[in-house]
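Me: I should like to learn how to read the packing of a protein model. May we work through one together?

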Amino acid sequence: MRKLIVYNFVSLDGMYSGPDNDGTELFPMMGDTFYAYNAELLRTADYFLIGRASYELFTSYWSEVAEDPASERWTDEERDIVDSGQDVQEIVVSDTLPMDTKDVEVVRRNDSYARIASLKEEEGGDILMTGSRTLWNDLLA
C-alpha cells in the first residue's frame, strides 16, 4: 500500500503564499535544505499529486531548471530535484486544465477521490503532495 505524503512550506501564522496567492515569493526562502529534502522525497515516490494552481507555479519555475540544468543560475540541490523527479508521474487535479496536457495525468476533482484511493491500494512508491492547499484541505475533510 502506498503512502500519501503531504508536506508544505507554511509560516507560523499559517501563510503559504504571498499577496494575491503568489507563491513565487517563497522560492527564495526555501533554500538548499528544503530543496535537498524535496529531492530525497522524490526518490521514494512514484506519483506527485498537485492542484492546477500549484502545478502552473511549479512548472513555470522547474521547467527552466530542466531546460538548462548546467546553468550557473541553479544550485546542485535544484538540479537534484529535477533529476530525482524524472521518473515521478505527475497527477494534476483540475476541472479547468485540458485533459491532454503534456506529460501529466489530469484528473477532474469529482474523480480524484477514487483515483487517489486506487493509487493508495497499489504497491509501489509514495504519492507526494505539496502546495495545493485547496486539494489537501479537501482530502482531509
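Reply: Certainly; please bear in mind that this is a predicted model. We may begin with the contacts of one residue. Leaving aside neighbours within four places in sequence, Trp62 is in contact with Tyr35, Glu78, Ile81 and Val82.

Me: Which residues touch the most other members of the largest nonpolar core?

Reply: In soluble globular proteins, nonpolar side chains tend to be buried together. Here the largest nonpolar core has 23 residues, and Phe48, Trp62 and Leu128 touch the most other members. The elements giving two or more residues to this core are α1 (27–43), β2 (45–51), α2 (52–67), α3 (76–84) and β4 (104–107). Another core, of eleven residues, lies apart from it, and includes Tyr47, Leu119, Ile127 and Trp136.

Me: At what angle do α2 and α3 pack?

Reply: Their angle is about 95°, and their axes are 10 Å apart. An angle of 65 to 115 degrees counts as roughly perpendicular, and α2 and α3 are therefore roughly perpendicular to each other. Tyr61, Trp62, Val65 and Ala66 of α2 meet Glu78, Arg79, Ile81 and Val82 of α3. These contact residues divide into six nonpolar, no polar and two charged.

Me: How far apart are Gln89 and Phe48 in sequence and in space?

Reply: They are 41 residues apart in sequence, and 6.1 Å apart in space, C-alpha to C-alpha. Gln89 belongs to strand β3 (residues 89–93). Not counting residues up to four places away in sequence, Gln89 touches Asp46, Tyr47, Phe48, Asp103, Val104 and Glu105.

Me: Why is Gln89 classed as partly exposed?

Reply: Partly exposed lies between under 20% and over 50% relative accessible area. Gln89 is partly exposed because its relative accessible area is 31%.

Methods. Residues numbered from 1 in each chain as written. Predicted model: local features only at pLDDT ≥ 70, side-chain atom pairs only at ≥ 80, totals over all residues. Heavy atoms only, no water. Helix = DSSP H or I, 4+ residues; strand = E, 2+ residues; numbered from the N terminus. Buried < 20%, exposed > 50% of the residue type's maximum accessible area, 1.4 Å probe, protein only. Contact = heavy atoms within 4.5 Å. Core = buried A, V, L, I, M, F, W, Y, C linked by side-chain atoms within 4.5 Å. Axes fitted to C-alpha atoms, helices over the stretch in contact; angles between N-to-C directions. Parallel < 35°, antiparallel > 145°, perpendicular 65-115°, else oblique. Nonpolar A, V, L, I, M, F, W, Y, C, P; charged D, E, K, R; others polar.
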